[in-house]
Amino acid sequence: MMPAQRPSGLRADILNMSVAIAAVLLAPVLGSVSSTIIFAIAILGGVAVLARRRLPDLPRPVKLSALAFASFFAAELLSGIVHWNGWVTLGEIGENIAFLGLIPCYMLIVTPRDRLLTGIVRAAPWCALGAFAIAAFQQFALDFRPQAGAGNAGVFAVTVAIVFSFTLANLFTERRPAWFAIALIGVLAAAATLILSGTRALWPCLVIFPLVLWFTAGWNGKVGTPWRTLALGFVAIAIAATALAGTLGDAYRGAASDIEAAHKGNYQTRLGKRFVIWQVGMEAVRERPILGHGLDAPRRIMEERTPAIAGEPIAFSHFHNVVLNEMIRAGVVGTAALAGMLIIPLFLTAGARKDRTAMLGFGLLICFQAAFLLSGMVNIMLDHDIMDSQFLANTVLCLYLVFGHGGGGETDNPVGN
């Protein structure tokens, strides 16, 4: 890894920013292509680590976060060995290798924190507009639920929520009048795209994220003019919500209809199917609480047990609840390790000394974790190539914005102009 004192150079800066934009901000559009980029970076960094034959000298919080990720890999590996099911289990273990990529990805970032954040947030409005264009085309021209490159509306919504957080960070840091207007348009586009996704569980992000970024970086004077920015951000979000009020109304009427259908014994709806698999999942958790049923168990258990409740099989790749899903895959051991991947980076960044860039990095970490948790309540959180890679990439990026190559808040350079 390059020492912190060595200038990164223009080419390295452009490369770092381009990779970060493609991997994170363009994920709604590129889908698994973004995952491929992230995995390729992790492999490249891993080869560099092996060539050095020792771990790079990184900030202690980064190493502890990497240890949390490795612990999750180890917990699922243990469950896989105990409940071995041949090639299926081997494939599940192979998919988890991404969680060993935190240090390999981190060590390849050489651009100064403030410069990297500035480049990323200024690209955010344009990426939001691209995602909105595709979502609007799919919704209004093709008449199906937008999912863009993700191929899954729920996963698409999580990636859009992350882009939304970066458009808000751009709004909080932009001071040039013309570009501030573009920043507002970016917030509007990201909010509209999130609504169009039809993923109700992610809609609270429209209220939570502006408040998080205001609280972490705005109210204390670290960035921008907080009250005006917060108010204008909510105005943009309100415009999106008003313009798409029909979509919001249809979604909530659909939820009420699903609940009513379940009361009448019809479980073949979006919510009804969840009610069935949650009941099956809770029963399965009680049977094997320590190491679960194995990494391939979710679909198998649903196929075997849902017909007794719903009259026909309801089988997904996951239980639409992160705790149930992980308890069935790897029990308490895996669930505790998964919680550690969230809590340890959050706790360490919360206690770090912070300048402007680090404060925004901390706020963005809270936002992306909130998006994953909201999704994990009723949908998928991990065990999906895009979700796994985004969880890794956003953790790495936010940790770097806080710690860089030294301690927390290593520089006090301003964000933006």
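## Exercises on helices, burial and ring pairs

Glutamate 174 is buried, at a relative accessible area of 5%, where buried means under 20% relative accessible area, exposed over 50% and partly exposed in between, with a 1.4 Å probe and protein chains only. The model is predicted, so local features need pLDDT of at least 70 and side-chain atom pairs count only at pLDDT 80 or more, while totals for chains, interfaces and linings use all residues. Residues are numbered from 1 along each chain as its sequence is written, and side-chain values use heavy atoms, with hydrogens and water left out.

**Exercise 1.** Find where glutamate 174 is placed, and state which side chain it joins in a polar contact.

*Solution.* Begin with the position: glutamate 174 is in the loop between helix 8 (153–173) and helix 9 (177–196), helices being DSSP runs of H or I with at least four residues, numbered from the N terminus. Then turn to the side chain, which is joined to that of arginine 176 by a polar contact of 2.8 Å. Such a contact is a pair of N or O atoms within 3.5 Å; within protein, one must be able to donate a hydrogen and the other to accept it, and residues adjacent in sequence count only if both atoms are side-chain atoms.

**Exercise 2.** Compare the expected span of helix 3 with the distance between its end C-alpha atoms, and work out how its buried residues are arranged around the axis.

*Solution.* The expected span is 1.5 Å times one less than the number of residues. For the 21 residues of helix 3 (residues 32–52) this gives 30 Å, and the end C-alpha atoms are 30 Å apart, which agrees. Next, list the buried residues, which are Ser34, Ser35, Ile38, Ala42, Gly45, Gly46 and Val49. Viewed down the helix axis, these fall within an arc of 110°, so they line one face of helix 3; the arc is that of the directions from the helix axis to the C-beta atoms. The face turned away from the buried side carries the exposed residues Thr36, Ile43, Leu44, Leu50 and Ala51. Finally, the buried residues pack against helix 1 (10–25), helix 2 (27–30), helix 6 (102–106) and helix 18 (385–403), contact meaning heavy atoms within 4.5 Å.

**Exercise 3.** Classify the ring pair of phenylalanine 372 and phenylalanine 391, and say which parts of the chain the pair ties together.

*Solution.* The structure holds 10 aromatic pairs. The centres of the rings of phenylalanine 372 and phenylalanine 391 are 5.4 Å apart and their planes lie at 65°, so this pair is edge-to-face. The rule is that rings of Phe, Tyr and Trp (its six-membered ring) pair if their centres lie within 6.5 Å, with planes under 30 degrees apart counted as stacked, over 60 as edge-to-face and the rest as tilted. Phenylalanine 372 belongs to helix 17 (residues 356–378) and phenylalanine 391 to helix 18, so the pair ties together parts that are 19 residues apart in sequence. Phenylalanine 372 is buried, at a relative accessible area of 0%, and phenylalanine 391 is buried with a value of 0%. As a last step, place the pair in its surroundings: ring pairs link Phe69, Phe72, Phe99, Phe368, Phe372 and Phe391 into a cluster.

**Exercise 4.** Decide whether serine 165 is buried or exposed, and name the residues that serine 165 touches.

*Solution.* Serine 165 is in helix 8, and at 1% relative accessibility it counts as buried. Leaving aside residues up to four places away in sequence, serine 165 touches Phe209, Leu213, Leu364 and Cys367.

Notes:
Helix = DSSP H or I, 4+ residues; strand = E, 2+ residues; numbered from the N terminus.
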